[in-house]
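Here are my notes on this structure, point by point. Please read them with the model open.

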Amino acid sequence: LGGGAGPRLYPLTKTRAKPAVPLGANYRLIDLPVSNCINSDINKMYCLTQFNSASLNRHLSQAYNNNVGSYNRQGFVEVLAAQQSPKNKDWFQGTADAVRQYIWLFNESKCDEYIILSGDHLYRMDYKPFILKHRQTKADITVSAVPMDEERAAAFGLMKIDDTGKIIDFAEKPKGDALKAMAVDTTILGLDAERAKEMPYIASMGIYVFNARAMEKLLMEEFPGCHDFGGEIIPNAKDLGMHVQAFLYDGYWEDIGTIKAFFDANLACNDPEKAKFSFYQTGAPIYTQSRFLPPSKLLDAEVSKCTIGDGCFIKKSKLANAMIGLRTNIQEDCVIEDAMIMGADYYEETHECEDLPGCTPIGIGAGTTIKRAIIDKNARIGMDCKIINKDNVQEANHEDKGYIIKDGIVVICKDAIIPNGTVI
């Protein structure tokens, strides 16, 4: 599920669907669930998105269509965007509605089970044990859950289980006594006693395995007016008497649906000591598009704790705790600290810009300082700029000038032009 319009990640979602948002210097969000599927031997994938962005389509067709299947085992990764049909004239109204609108297509596969994933989570997971648990317990629906401590639990949808791991109650973001009532013995799901004491709650990850028949019954027959899986369909399935099982995933999992969470999760990957998520794992690689870019070139640069993508050019600059995306061009005497630079979709020849009066080249101009910021793709930042949020503004919308501030983080919009000497 590629998510709706992604207002919390705006302006990164201004011209692209949420799954196409770049992360980790070389990747896009959609690469994580797709790679998890490929590594779990699942090779038929649809990505449902509220609006069809060209970049998502292009990325998926170039990255996966040649390598997820073989002659005897056809595989695919395809985008399904919300569309009008004679029966339905509306956009997707929610996660369950998105699946309902395309259930005619999914039924053509005549498969027994569906796995429903979210497109904006950062985690690496083998789905085989999850599906196996679903089959062993003969469940109608299995929900993947992460253990939580009390501090974080109130922000999530929590579940209560019996001693077989069957879900008996749900609560959406409970507080106070309602929260305490949702505490469960997490040793039932396989946590050791000490961790179970620290983490007495289980929160839904928004990842489900459904029996095909149960899904059709719930969406088409029983609850045709319910639009959301987590808040409506799954609690209703339990009330109907269906078997809803919990499966515990005890690993790193982060919902990166806001600018701050997205920024923090990306920069956390820079520090190998603290990094909870790593793109370096030989047995379970994260796949992406083969772009055949040259290696990055650093000339007299001072770099500490950075991740640098392919095809970058960095000259006589100082970089600390930065995530530098594909084809980034950083000219001399720049200082980049605690920043995420997404890079560019194409190289610009030097003469292309020189021939145009007043043209600012793609990349970061000489003598510029950037701190605690996200620079979206193809941005043209002039010389001697200071993007440092000097007044420590928490929220501001200056989209007409090419930037927005959210949670104190300056976000320079895609294709923005920031003139020489600008101070933000």
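1. Asn211 lies in strand S10, which covers residues 201–211. The model is a predicted one. Asn211 is partly exposed, at 23% relative accessibility. Leaving out residues up to four places away in sequence, Asn211 touches Asp112, Glu113, His134, Ala139 and Asp140. Its C-alpha atom is 52 Å from that of Ile418, and 207 residues separate the two along the chain.

2. Which residues have the most contacts inside the largest nonpolar core? They are Ile202, Phe210, Phe229 and Ile233, in a core of 42 residues. Helix H9 (residues 212–222) supplies the largest share of this core, with five residues. Take Phe229 as a way in. Beyond four places in sequence, Phe229 is in contact with Thr95, Ala96, Val99, Ile116, Tyr208, Phe210, Leu219, Ile234 and Pro235. A second core is separate and has 38 residues, among them Tyr123, Met148, Phe156 and Ile207.

3. Now the cysteines. How many disulfides does a search of the whole structure find? The search finds one. It joins Cys353 to Cys359, with an S to S distance of 1.9 Å. The link is left-handed, at -95 degrees about the S-S bond. Its two ends differ in burial class: Cys353 is buried at 5% relative accessible area, whereas Cys359 is partly exposed at 26%.

4. Cys111 is in no disulfide, and the nearest cysteine sulfur, that of Cys37, is 13 Å away. Cys111 is partly exposed, with a relative accessible area of 27%. Why is Cys385 not bonded to Cys334? The closest cysteine sulfur to that of Cys385 is in Cys334, but it is 9.2 Å away, so it is too far for a bond. Cys385 is buried, with a relative accessible area of 0%.

5. Cys385 also appears among the contacts of Thr368. Thr368 sits in the loop between strand S20 (363–364) and strand S21 (369–375). Is Thr368 buried or exposed? Thr368 counts as buried, at 0% relative accessibility. Apart from neighbours within four places in sequence, its contacts are Asp333, Cys334, Val335, Ile381, Gly382, Met383, Asp384 and Cys385.

6. The structure holds 17 salt bridges. One of them pairs Asp345 with Lys377, at 3.0 Å from N to O. Asp345 is in the loop between strand S19 (335–341) and helix H12 (350–354), and Lys377 is in the loop between S21 and strand S22 (380–381), so the pair ties together parts 32 residues apart in sequence. Asp345 is partly exposed, at 27% relative accessibility. Lys377 is buried, at 5%.

7. Asp345 also meets Lys414 in a salt bridge, at 4.0 Å from N to O. Lys414 lies in the loop between strand S26 (409–412) and strand S27 (417–418), so this pair ties together parts that are 69 residues apart in sequence. Lys414 is partly exposed, with a relative accessible area of 28%.

8. Arg380 forms a salt bridge with Glu348, and their closest N and O atoms are 2.8 Å apart. This pair links distant parts of the chain, 32 residues apart: Arg380 is in strand S22 and Glu348 in the loop between S19 and H12. Arg380 counts as buried, at 16% relative accessibility. Glu348 counts as partly exposed, at 22%. Through shared partners, salt bridges join Asp345, Lys377 and Lys414 into one network.

Technical notes:
Residues are numbered from 1 along each chain as its sequence is written. This is a predicted model: local features need pLDDT of at least 70, side-chain atom pairs count only at pLDDT 80 or more; totals for chains, interfaces and linings use all residues. Side-chain values use heavy atoms; hydrogens and water are left out. Helices (H or I, at least four residues) and strands (E, at least two) are DSSP runs, numbered from the N terminus. Buried means under 20% relative accessible area, exposed over 50%, partly exposed in between (1.4 Å probe, protein chains only). Contact means heavy atoms within 4.5 Å. A disulfide is a pair of cysteine sulfur atoms within 2.5 Å. A nonpolar core is a set of buried Ala, Val, Leu, Ile, Met, Phe, Trp, Tyr and Cys residues joined through side-chain atoms within 4.5 Å. A salt bridge is a side-chain nitrogen of Lys or Arg within 4 Å of a carboxyl oxygen of Asp or Glu.
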